[in-house]
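Trainee: I'm new to reading structures, and I would love a close look at a single part. Could you then show me how that part fits into its surroundings?

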Amino acid sequence: MSIARFWRETPRRYNLGGSKCTMCGTVYFPPRAVCPTCAHHRESIGKMEPFQLSGDGEVFSYTTVHEPAEGFEMQVPYVLALVRTVEGPVLTGQVVDLAPEDVRIGLKVRATFRKLREEGKAGVIHYGYKFAPAEDLPNRPPGRPRGAVGAPAGSESDRAAA
Amino acid sequence: MDAGIVSYGAYVPRYRITPAEIGRVWGADGEGMGQSLNVVRKSVPAPDEDTITISTEALRVALVRGAIDPQQIGAIYVGSESHPYAVKPTATVVAQAVGATPNLTAADFEFACKAGTAAIQTCLGLVGAGMAKYGVAIGSDTSQGAPGDALEYSASAGGAAFVIGRDHVIARVERTLSYTTDTPDFWRREGQRYPSHSGRFTGEPAYFRHETECARRIMEAAGTTPKEYRHVVFHQPNGKFPQRVGKQLGFTEDQMRYGLVTPYIGNTYSGAALIGLANVLDHAGPNERILVVGYGSGAGSDAFDLTTTDAIAEFDRSYGRPVQSYLDSGVELSYGVYAKYRGKIHMGGS
């Protein structure tokens, strides 16, 4: 992948930056400029706002890869999963920190920041999200997103009131 | 000083290897090596982990725990001796990945194992001068020892992130003091894959002299004695050195209990003293005094005299894993898989 193309995608790959329809509340990842499903289809134009996914979700389905894509030879066998996020969108991502035989449908996972691939020994290193098991982790405290897109809740104003 | 730690987070990769397994491959008494170093196992990063990913994970935990708006961060400094790039900062990737860009300053620090504590001092200066609301200091490494070298039994991976600020401080920094000299105990020349060290010389004139001098000088400046500290954290290149330096200075095992993490995860270099401090903060209540003395080869020590505040009682640590869970858990690897993960196997090609 070209450097420029990957660089353009960093808001999505680094921070799960999607979009949300302010008319019907549907969340999209990757972000959309128009809400294709809601009744306000035309009215949603210009009314989609940036929305950051929390990274929490569960395995919807998965497959174990034995013939790796280039750059993944060190990780074989590895699991690629469809993860249904708590906000709705289904993402494709690698599941790490768990043996393939222990991955199952319904497994609670959380996005983790990992190296996706390297452009050879001298090239750029690409980073982005993968998923790690979150079964034994407490839930994210309410009102505390991971921060990045828009003004996060639970920041200064909330603290002052607390 | 009215600045201090507002929030913190630590991260240690999942894989482990034992000294016995390393010794088995090199025909050495690995178990004996582990006992003499007081290292039971060390952490190993997965093939898709490096200083950038470890730093990001640790900082994300810190930001959620402290409910900190990343846009309020004025500086991010990442201290490491294993930055993935020789040229291109770690700190910018971390800043982007936590949503702190673009209104901040960022830089990478390098000073063997004390780059993270140097970053804390810089943040204290910035925050204290009112130039930044929050400063972030991270100490993180995926350190390597040459195959078969003594360092291989302890060099591991992990990191911790500290958010420095003036509001909602959970541990106030009473003072900080450094002790720096030119001491050639450990180095890595440009382009070299593994570091070199001067064997026993890394002990007395290097680690012990700097740790004890720095600790004594900060206690002298503060007018304190070891008795006044509930916890003490030393740099921990292995599990034995910090125990010995603690004894030399008059600290008890109870004071060192939470600050010593290397026996279970190995030497995380820039992360070592900071993960120890994170473990102390995981267990500390209000009004507990903490002495931290980091050390970096080459050489220097940074000391911090901290006191926890009432705010630590309400501090929500529930997000992310406590340090103890990293000490207790992990998946053990064979030397073969470890060598593969650490890029020690020549795969051919360029």
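Trainee: Which residue follows α5(B), and is the phi of that residue positive or negative?

Mentor: The residue is G130(B), and its phi is positive, near 80°. Please keep in mind that this is a predicted model.

Let's stay with the helix for a moment. α5(B) is made of 14 residues and spans 20 Å from first C-alpha to last, close to the 20 Å expected at 1.5 Å a residue. Of those 14 residues, 10 are buried, so the helix is largely enclosed by the rest of the structure. You can pick the buried ones out yourself: A115(B), G116(B), T117(B), A118(B) and A119(B) are buried, and so are I120(B), C123(B), L124(B), L126(B) and V127(B).

What surrounds the helix? Start with the domains. Chain B is assigned a domain 1, covering 4-170 + 321-341, and a domain 2, covering 173-312. Their centres, taken over C-alpha atoms, are 16 Å apart. Where the two domains touch, domain 1 of chain B brings 48 residues to the contact and domain 2 of chain B brings 42. On the domain 1 side, the elements giving two or more residues are β1 (4-11), β3 (42-44), α5 (115-128), β6 (134-142), β7 (157-165) and α12 (323-328) of chain B. Our helix stands out here: α5(B) supplies the largest share of that side, 6 residues. Sorted by class, the domain 1 side of the contact has 24 nonpolar, 19 polar and 5 charged residues.

Now look at the nonpolar core. In soluble globular proteins, nonpolar side chains tend to be buried together. In this model the largest nonpolar core has 134 residues, and those with the most contacts inside it are I76(B), V94(B), C123(B), V136(B) and I164(B). Domain 1 and domain 2 of chain B both contribute residues to this core, so it lies between them. You have already met C123(B), one of the buried residues of α5(B). V94(B) is another good one to click on: setting aside its neighbours within four places in sequence, V94(B) is in contact with I52(B), S55(B), T56(B), L59(B), I76(B), V78(B) and I138(B).

Chain B also has a small feature worth finding, an open sheet of 3 strands. The strand order is β3-β2-β14, and the pairing is mixed. β3 and β14 (331-332) of chain B are the edge strands, each with a single partner, so one side of each has no neighbour in the sheet. Strand β2 (residues 15-17) of chain B runs parallel to β14(B) and is joined to that strand by 2 bridges. Look for R16(B) there, opposite E332(B) in β14(B).

For practice with strands, move to chain A. This chain has 3 helices and 8 strands, arranged along the sequence as α-α-β-β-β-β-β-β-β-β-α. Of its 162 residues, 31% count as buried.

One open sheet in chain A has 3 strands in the order β2-β1-β3, with antiparallel pairing. β2 (27-28) and β3 (48-52) of chain A are its edge strands, each with a single partner, so one side of each is left free of a neighbour in the sheet. Between β1 (residues 17-21) of chain A and β2(A) there are 2 bridges, and S19(A) has Y28(A) as its bridge partner in β2(A).

Next, follow β4 (residues 56-65) of chain A. With β5 (residues 78-85) of chain A, β4(A) pairs in the antiparallel sense over 8 bridges, and V59(A) stands opposite V83(A) in β5(A). β4(A) also pairs antiparallel with β7 (residues 108-118) of chain A, over 3 bridges; there E58(A) stands opposite K108(A).

Finish with two hairpins. The hairpin of β5(A) and β6(A) has 4 residues between the strands, and G88(A) takes a positive phi near 125°. The hairpin of β7(A) and β8(A) has 6 residues between the strands, with G120(A) in the turn at a positive phi of about 70°. As you compare them, think back to G130(B), the residue after α5(B), whose phi is also positive, near 80°.

Key
Residues are numbered from 1 along each chain as its sequence is written. Chains are lettered from A and ligands numbered from 1 in the order in which they are written. Domain bounds come from an automatic or database domain assignment. Two residues are in contact if their C-beta atoms, placed from the backbone, lie within 7 Å. Ala, Val, Leu, Ile, Met, Phe, Trp, Tyr, Cys and Pro count as nonpolar, Asp, Glu, Lys and Arg as charged, and the others, Gly among them, as polar. A nonpolar core is a set of buried Ala, Val, Leu, Ile, Met, Phe, Trp, Tyr and Cys residues joined through C-beta atoms within 7 Å. A residue is buried if 20 or more other C-beta atoms lie within 10 Å of its own, exposed if 12 or fewer, and partly exposed in between; C-beta atoms are placed from the backbone. Two strands pair if DSSP finds at least two bridges between them. The expected span of a helix is 1.5 Å times one less than its number of residues.
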